[in-house]
Amino acid sequence: MAAVDFDLRFTYVLAGWEGSAHDACVLADALARERGLQVPEGKYYLVDAGYGAKRGFLPPFRNVRYHLNEWGSNPVQNAEELFNLRHSSLRVTVERAFGSLKRRFKILDDATPFFTFLVQVDIVVACCVLHNYALSQGIDEFIIPEVTWSTQPIRTQSQQARDHRDMVNGMDSVETTDTTVTGASKSTKGGVVAWTNSMSTMHLGFLADLVASGARTSSGFKTCHYNQCAKFLNDHFKLSLTGEQCSNHLKKWRKIWGRLVQLKNLSGALWDEDTSTIRLSDEHYAGHCANNKSDIPFLNNPIEHYRAMETIFGSTTASGKYAKSGNDPFSIDVEDESEMQTSPNVGESSAKAPPKKKAKLVHIEDDPLVTTLKDGFKMMADAIAKSGVDDDALPDNLWDALAALKGFDEDHVAHYYAHLVDNPKTAKAFMTLKLESKLVWLGRYVHKTFGVLYNLK
């Protein structure tokens, strides 16, 4: 996730989240970090529809034409279409920024990265930092002019419909109702479903059994799996559920599992494997629940359906544990070869894979080209650090140096000190002088300002 200003500079970058993570989940992580994304007071970020409408974030209307190429010669029909047209016109800046970034750093377009995943995250953040520095030196050939920028190709009606459906299904709130009620609940085909606790238990149990049997593919459950689950529930509860409703209900539990993963990683949290309980001290529990009331059912209480969720989502849910923003330090070298993985284990089945063989490390001499590149990057880093030095900083011990000049009225010395404070470059030059020259400078200033001539001999 990245935030871009209208000068194509990246103002915030969060890299490392798995591709399966929902946009809203990544945004929540960015906002919750200690030095995370900050929204200026009274301002808004223009965002995709997947992020949802909330304070500080302005998405387009869903199920309304959006991308510029979708308009063609058809004029705006209503206020919502006009809003989306303006929204899309402004968000072209984001596409230009990413397009320019990839043109400048071809490594970001590499479809088969050969670096470890932690290094890949660092590369993304570093490229964005260097991109900003390059822009501070002026526009170059890698920046795509707005007048020649080509937006994404025109999509067919079926593609647009699929995109809108995916946006709607991907939102945090699911259209079907997931409230627990007493008694058996019936549903009409495609209607609202009131899921009871026993229905959820059998729903998760059935899907967990599919995973344990190896029926689920690495990309998740297929439509036939959801249809089988619906038939199983219909036969037991005398309902008329559909596979789509079973799929939507699973999204609720996927969201819960994602939250459980975050809670287990809380500082000071203990995990009780026997009872499936996340335990916090009384003081920590009270402080956390005061600001996160929705977490109360998952803390200091056995977590319902945890084993089934672990089987279903344990190896496929995005955790964001590798995510890193531009404000975080870069990774350090890892000596344990077991950590040298190219990507997180996302999309694997629950079956335990055989241990990988450790590769033999062959130490070779540094390539001259690599050495040259390292030296070049070091020089660039030194230049960036030097450019960040404050030119208006006063030299140390300035007042002590003035106080050491004897024979002057204290008011005149104080007046000259104020003069040097207002002129830092003059102050720096003054500090480089010998004692005799400092006396001359101070005497000359007093004579010019107050008309008083001191005998310096």
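Biologist: Why is there no bond between the sulfur of C128 and the closest cysteine sulfur?

Modeller: A disulfide is a pair of cysteine sulfur atoms within 2.5 Å. The sulfur of C128 is 7.0 Å from the closest one, in C127, so that pair is too far apart to qualify. The structure holds 0 disulfides.

Biologist: What kind of model are these values computed from?

Modeller: It's a predicted model: local features need pLDDT of at least 70 and side-chain atom pairs count only at pLDDT 80 or more, whereas totals for chains, interfaces and linings use all residues. Residues are numbered from 1 along each chain as its sequence is written, and side-chain values use heavy atoms, with hydrogens and water left out.

Biologist: Is C128 buried or exposed, and how do you know?

Modeller: Buried means under 20% relative accessible area, exposed means over 50%, and partly exposed is in between (1.4 Å probe, protein chains only). C128 has 5%, so the label is buried. C289 has 7%, so C289 is buried too. Over the protein, buried residues make up 35% of the 457 residues.

Biologist: How do you know how many helices and strands to count in the protein?

Modeller: They're DSSP runs, numbered from the N terminus: helices are H or I with at least four residues, strands are E with at least two. That gives 14 helices and 7 strands.

Biologist: What makes β1, β2 and β7 a sheet?

Modeller: Two strands pair if DSSP finds at least two bridges between them. β1 and β2 have 3 bridges, and β2 (residues 10-15) and β7 have 2, so both pairs pass. The result is an open sheet in the order β1-β2-β7, with antiparallel pairing. As for what holds such pairs, strands of a sheet pair through backbone hydrogen bonds, either parallel or antiparallel.

Biologist: Which strands are called edge strands, and what makes them so?

Modeller: β1 (2-4) and β7 (324-325), since each pairs on one side only.

Biologist: Which residues are bridge partners of A3 and L14?

Modeller: A3 is matched with Y12 in β2, while L14 has S325 in β7 as partner. A15 stands opposite K324, also in β7.

Biologist: What do β1 and β2 form, and what is the phi in the turn?

Modeller: They make a hairpin with 5 residues between the strands, and L8 in the turn has a positive phi of about 70 degrees.

Biologist: Why is β2 called largely enclosed?

Modeller: 5 of its 6 residues are buried, so the rest of the structure largely encloses β2. Helix α3 (residues 117-136) lies across β2 and β7, and runs at about 175 degrees to β2. For that angle, axes are lines fitted to C-alpha atoms, for helices over the stretch in contact, and values run from 0 to 180 degrees between N-to-C directions.

Biologist: H131 lies in α3; is H131 buried or exposed, and what makes it so?

Modeller: H131 is at 0% relative accessibility, so it counts as buried. Leaving aside neighbours within four places in sequence, the residues in contact with H131 (contact means heavy atoms within 4.5 Å) include L8, F10, L101, F105 and I143.

Biologist: What makes a set of residues a nonpolar core, and how many residues has the largest one?

Modeller: A core is a set of buried Ala, Val, Leu, Ile, Met, Phe, Trp, Tyr and Cys residues joined through side-chain atoms within 4.5 Å. The largest has 37 residues, and L207, F221, L250 and I312 are among those with the most contacts inside it. Elements that give two or more residues to this core are α5 (197-212), α6 (223-237), α7 (243-264) and α9 (306-313). α7 supplies the largest share, 8 residues. Not counting residues up to four places away in sequence, L250 touches several residues, including L207, F221 and I312.

Biologist: S276 has a positive phi, near 55 degrees, and N397 has one of about 60 degrees; which of them is buried and which is exposed?

Modeller: S276, in the loop between β5 (270-272) and β6 (277-279), is at 6%, so S276 counts as buried. N397, in the loop between α10 (368-387) and α11 (398-403), is at 54%, so N397 counts as exposed.
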